[in-house]
Structure formats: C-alpha cells, structure tokens
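Trainee: Could you take me through one part of this model in detail, the aromatic residues and the helix packing around them?

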Amino acid sequence: LQKYLSSLHVRHLIFLGLVLGTGLYIKSNAALFIIAAIAVLLIHKSPIYLKLTHLIFLLLTVTVTVTPLLLQPIFWKFIHLSTQYSAVNPNLWWQNLVNIIDISFWQLTPLIFLSFLFGMRRNPLLLFISVPLLLEIFVAKFIVNRYVVPFLPLTLIFASDFLTHHPKLTL
C-alpha cells in the first residue's frame, strides 16, 4: 500500500489485492484490511477518476483471488456459523480496547509497543492499521490473541520509523 501511495502504479495495487485476497483465505479478519485499504484509497489526494479506477482494480483483484473460495458450497454452508461479532455494547468496547492494548504490549514487548505509540504520526498507513482495529473493537464479542496478532506486524513499521529517526536513539 505504501509503494502504491508513493508511485500510484496499478501493479502495486494489483499486488495488494492479491495479498489481501490471499489473506482472506487464511483469516476472515483480512476483510477488515480490505475495508481499510478502500478507505485509504478514497482519502488519498489524487483525482477522483484515478481513485475510482484504482478502486475497481483493487476490488476486481481481490474478487478474482477469492473466487475459488466463494465457489465452494461448503464455504456458504458454514459462513453463518462465524459468530465472533456482536451488536452495540459500550462496555464490551472498553473491554476490547483494554484487551488489545494488553495483548499488544506483551506480544510486541514493551520497547516495541512504546516505540509504536511514539512513532505514529500523519501517515496513510496509520489509517490502514487503525480502521481494522477500530472495527475489531466495536464489533468483536471478545478480543483474544488470534484476533489481534494479524495487526501486530504493521505496528513494526511505526516502531522502526521512531527508532531510526529519533535523534537520541540513532547510532
């Protein structure tokens, strides 16, 4: 996504669609990243016709990638059994936020977690990680490790940015 935003080449967008589509095979949380990628594309400063054209390329690539999964009758038979999402419940939202912070703090180690927090700044990738996390906070019944782990590798981008550009931490 970052390569696409810097170059606006369709090949980077097609690769992103392939990665997100493949991610949907592995874990259904990838749908949250697809929503985030769409949000980043729509907010990016580019002409509207370019946004819409590239959005169509992304959605077509994801759709073509996921088509074999969608053609499986057993997929449609069991899709309704996925009950990890719930209705509106502010108490649950607070508990989910606390669980995400707790899991992230210990899974990333305190140094990387704090570097991630200090490394966040105006960056389109911040939207790419925050949209899925917010959706996860607001719709998940109960957050456990397996729901948070797909987000953690993205936090390393911000942590490394902070650790490499902080004046007192550079070698």
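Mentor: Let's start with a yardstick: exposed means over 50% relative accessible area, buried under 20%, and partly exposed in between (1.4 Å probe, protein chains only). Trp106 comes out at 59%, so this residue is exposed, while Phe105 has 23% and counts as partly exposed. Before we go on, this is a predicted model, with local features needing pLDDT of at least 70, side-chain atom pairs counting only at pLDDT 80 or more, and totals for chains, interfaces and linings using all residues. Residues are numbered from 1 along each chain as its sequence is written, and side-chain values use heavy atoms, leaving out hydrogens and water.

Now the rings. Rings of Phe, Tyr and Trp (its six-membered ring) pair if their centres lie within 6.5 Å, and planes under 30 degrees apart are stacked, over 60 edge-to-face, the rest tilted. That rule gives three aromatic pairs. Phe105 and Trp106 are edge-to-face because their planes sit at 85°, with ring centres 4.8 Å apart. Together with Phe113, these two make up one aromatic cluster.

On to the helices, which are DSSP runs (H or I, at least four residues) numbered from the N terminus. Helix α6 (residues 90-108) packs on helix α7 (residues 110-119) at about 120°, their axes 6 Å apart; axes are lines fitted to C-alpha atoms over the stretch in contact, and angles run from 0 to 180 degrees between N-to-C directions. Contact means heavy atoms within 4.5 Å, and among the residues making it are Phe105 and Trp106 of α6 and Phe113 of α7.

How values were computed:
Helix = DSSP H or I, 4+ residues; strand = E, 2+ residues; numbered from the N terminus.
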